[in-house]
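Me: Please take a close look at the metal site in the structure below, and then relate that site to the pockets and the salt bridges. I should like one connected account.

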Amino acid sequence: MLPIKPTLPIKPTLRIKNGRVIDPASGTDAVLDVWLEGDRIARVAPPARGEDGDKNGADRAQAETLDATGLIIAPGFIDLHCHLREPGFESSETIETGTRAAACGGFTAVCPMPNTRPVNDSASVTRGILERAATASVRVWPIGAASAGSRGEALAEIAAMHKAGIVAVSDDGKPIATTKLLRQVMDYCRALDLPVIDHCEDASLFAGAVMREGRQSVRLGLRGMPAATESVAVSRDVQIAELTECRLHIAHLSARASLELVRSAKQRGMRVTCEVTPHHFTLCDDDVGYDTHFKMNPPLASAEDRAALIEGLADGTVDAIATDHAPHEPASKDVEFDRAPFGVTGFETALALALELVHAGRLSLARVVELFTTGPARVLGRGRRIAEGEPADLTLFSTEHEWTFRASESASKSRNTPFDGRQFRGAPMATVVAGRVVYRREV
Ligand SMILES: [Zn+2]
Ligand SMILES: [Zn+2]
């Protein structure tokens with residue numbers, strides 16, 4: 001419970017009243033009012049009774065009010081992994097449309113991967129992204145490439161990009177190509193205290209495969225890759241992280257064996273973290289047919305792996321839920337399974353899919369909030385709290401609101417989702433970034 005302080009008067013610009021504040025950083029879970037002043041949180045206090053007699057010291061007349069009765073007020077959600085496609089692939093998504101979809105999904109900050117055209121491998125590309133993001137719906141924290149052009153040969157301009165504002169490096173879309181290069185990248189990033197995010201995949205096992213190897217790939221006659229495609233690479237990465245003492249974050253972890261490697265690295269005190277996507281904890285390879293909206297990389301795993309991922313989400317081995325939002329314009333997915341690009345959209349369904357686990361009794365609500373907020377913040381070496389003086393980034397959501405997701409109504413430019421028509425219980429209701437309401441669900 002937060003202390004009640006009769007503090008200095010504030011001139012609030014927004015009062016979010018009567019919501020259940022869940023703040024993992026302080027362990028708060030209580031019905032409170034949150035007062036914002038400009039782009040900061042000004043006060044967090046028990047709801048004042050009556051409209052006058054202002055014991056919270058707030059000049060209430062000037063504040064707009066957002067009624068959060070029955071809703072959760074969480075710190076602003078952070079998505080560690082997405083593809084905004086700009087620059088270069090604006091027919092699939094732009095920073096504007098992608099961040100609008102992110103706001104609809106309750107996200108207040110998103111980290112776009114560098115596999116744009118040009119690749120974000122230099123300070124000038126990073127600055128260009130940040131300039132475009134100045135008018136975006138949510139905060140954009142770019143991830144820079146590890147190697148020039150993500151070609152896996154020479155190092156990218158990591159120090160210059162760091163100065164320009166990247167929050168991590170990755171060659172996502174591909175793994176960091178060689179162990180030697182990985183070592184160089186990690187030596188460099190260790191000095192800058194930047195996390196290295198790797199898309200873990202052994203290229204020789206991956207070659208030509210379009211889904212997870214198993215009964216279902218045989219039944220469908222599609223080329224499969226074994227789970228070891230991922231876990232072999234995770235093992236390499238953990239060993240080089242141990243050698244260099246660099247922070248390592250495993251992107252879109254999908255296999256039990258990979259999770260075991262992360263678990264044991266954590267037990268040894270290493271700074272190794274990982275994320276899991278909603279599609280990997282919701283679906284499995286049995287759900288794959290010839291519908292290209294079920295084709296992503298890493299592919300949907302076995303039911304046993306999915307069960308292990310849910311366990312890892314619950315027990316703290318997994319640090320973050322990340323969407324890997326990967327929009328593709330309709331025409332590109334409208335081909336045979338073998339030829340379709342990998343990837344699905346994810347911003348708008350992520351929270352509702354996580355809440356399915358809460359309703360099923362697999363995950364606590366507090367844990368879900370952590371996986372979208374303090375968890376990803378910690379991966380980036382940042383804090384995320386609901387407290388006086390902190391940035392006014394907040395996500396308001398309902399655990400009960402019933403709705404149906406319609407891809408045709410998505411704010412994203414693309415429609416490639418396996419969850420079109422899915423009925424949900426629970427949804428983002430309002431998203432506040434720097435004190436501004438950037439999204440409000442119409443009910
Ligand atoms: Zn990837
Ligand atoms: Zn990705």
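Reply: In this predicted model, the zinc ion (ligand 1) and the zinc ion (ligand 2) lie 3.5 Å apart, with D172 coordinating both. The description below takes each ion in turn, and then moves to the pockets and the charged pairs.

The zinc ion (ligand 1) is held by D172 through OD, by H199 through ND1 and by H252 through NE2, at 2.1 Å. Along the chain these donors follow the spacing D-x26-H-x52-H. H199 belongs to the loop between β11 (196-198) and α5 (203-206), while H252 belongs to the loop between β14 (248-250) and α8 (256-267), so this pair ties together parts that are 53 residues apart in sequence. H199 has a relative accessibility of 3% and therefore counts as buried. H252 is buried as well, its relative accessible area being 1%. Both values fall under the 20% limit below which a residue is called buried.

The zinc ion (ligand 2) is coordinated by H81 (NE2), H83 (NE2), D172 (OD) and D324 (OD), at 2.1 to 2.3 Å. The spacing of its donors along the chain is H-x1-H-x88-D-x151-D. The 4 donor atoms around this ion subtend angles of 83 to 169°, which makes the arrangement irregular. The reasoning rests on a cut-off: four donors are called tetrahedral if all angles lie between 85 and 135 degrees, and the range of 83 to 169° around the zinc ion (ligand 2) does not stay within those bounds.

The link between the two ions is again D172, which coordinates both across their separation of 3.5 Å. H81 is placed in strand β6 (residues 77-82) and D172 in the loop between β10 (168-169) and α4 (179-192), so the two residues tie together parts that are 91 residues apart in sequence. H81 and D172 are both buried.

The pockets come next. The largest pocket has a volume of about 380 Å³. It is lined by 23 residues, of which R85, N115, A326, H328 and F342 are the closest to its centre. By character, the lining of the largest pocket divides into 7 nonpolar, 12 polar and 4 charged residues.

The second largest pocket encloses about 300 Å³ of space. Of the 13 residues that line it, E348, W403, E409, Y439 and R441 are the closest to its centre. Two elements, β17 (394-404) and β19 (436-440), give two or more residues to this lining. The lining of the second largest pocket divides into 5 nonpolar, 2 polar and 6 charged residues.

The charged pairs complete the account. A search of the whole structure finds 23 salt bridges. In one of them, the side chains of D393 and R139 meet at 2.6 Å, N to O. D393 lies in the loop between α14 (374-379) and β17, and R139 lies in strand β8 (residues 139-140), so the pair ties together parts that are 254 residues apart in sequence. The two partners are placed in unlike surroundings: D393 counts as buried at 4% relative accessibility, whereas R139 is partly exposed, with a relative accessible area of 28%. R139 and D393 also belong, together with R384, to a network of salt bridges.

Strand β17, which contributes to the lining of the second largest pocket, also carries E400. The side chain of E400 meets that of R425 in a salt bridge of 2.8 Å, N to O. R425 lies in strand β18 (residues 423-433), and the pair links distant parts of the chain, 25 residues apart. E400 is partly exposed, with a relative accessible area of 43%, and R425 is partly exposed too, with 36%.

A further salt bridge joins R378 to E370, the closest N and O atoms being 3.5 Å apart. R378 counts as partly exposed at 48% relative accessibility, and E370 is likewise partly exposed, with a relative accessible area of 24%.

To return to the site itself, the zinc ion (ligand 1) and the zinc ion (ligand 2) share D172 as a donor; that residue is buried, as is H81.

Notes
Residues are numbered from 1 along each chain as its sequence is written. Chains are lettered from A and ligands numbered from 1 in the order in which they are written. This is a predicted model: local features need pLDDT of at least 70, side-chain atom pairs count only at pLDDT 80 or more; totals for chains, interfaces and linings use all residues. Side-chain values use heavy atoms; hydrogens and water are left out. Donors are N, O and S atoms within 2.8 Å of the metal (3.2 Å for Na, K and Ca); water is not among the atoms, so sites may look incomplete. Helices (H or I, at least four residues) and strands (E, at least two) are DSSP runs, numbered from the N terminus. Buried means under 20% relative accessible area, exposed over 50%, partly exposed in between (1.4 Å probe, protein chains only). Four donors count as tetrahedral if all angles lie between 85 and 135 degrees; four count as square planar and six as octahedral if opposite donors are over 155 degrees apart and all others between 65 and 115; anything else is irregular. On a 1 Å grid over the protein atoms alone, a cavity is a set of points where a 1.4 Å probe fits but cannot get out, and a pocket is an open set with protein on both sides within 12 Å along at least five of seven lines; lining residues have an atom within 4 Å of a point. Grid points are joined across faces, edges and corners, and a volume is the space filled by probe spheres set on the points. Ala, Val, Leu, Ile, Met, Phe, Trp, Tyr, Cys and Pro count as nonpolar, Asp, Glu, Lys and Arg as charged, and the others, Gly among them, as polar. A salt bridge is a side-chain nitrogen of Lys or Arg within 4 Å of a carboxyl oxygen of Asp or Glu.
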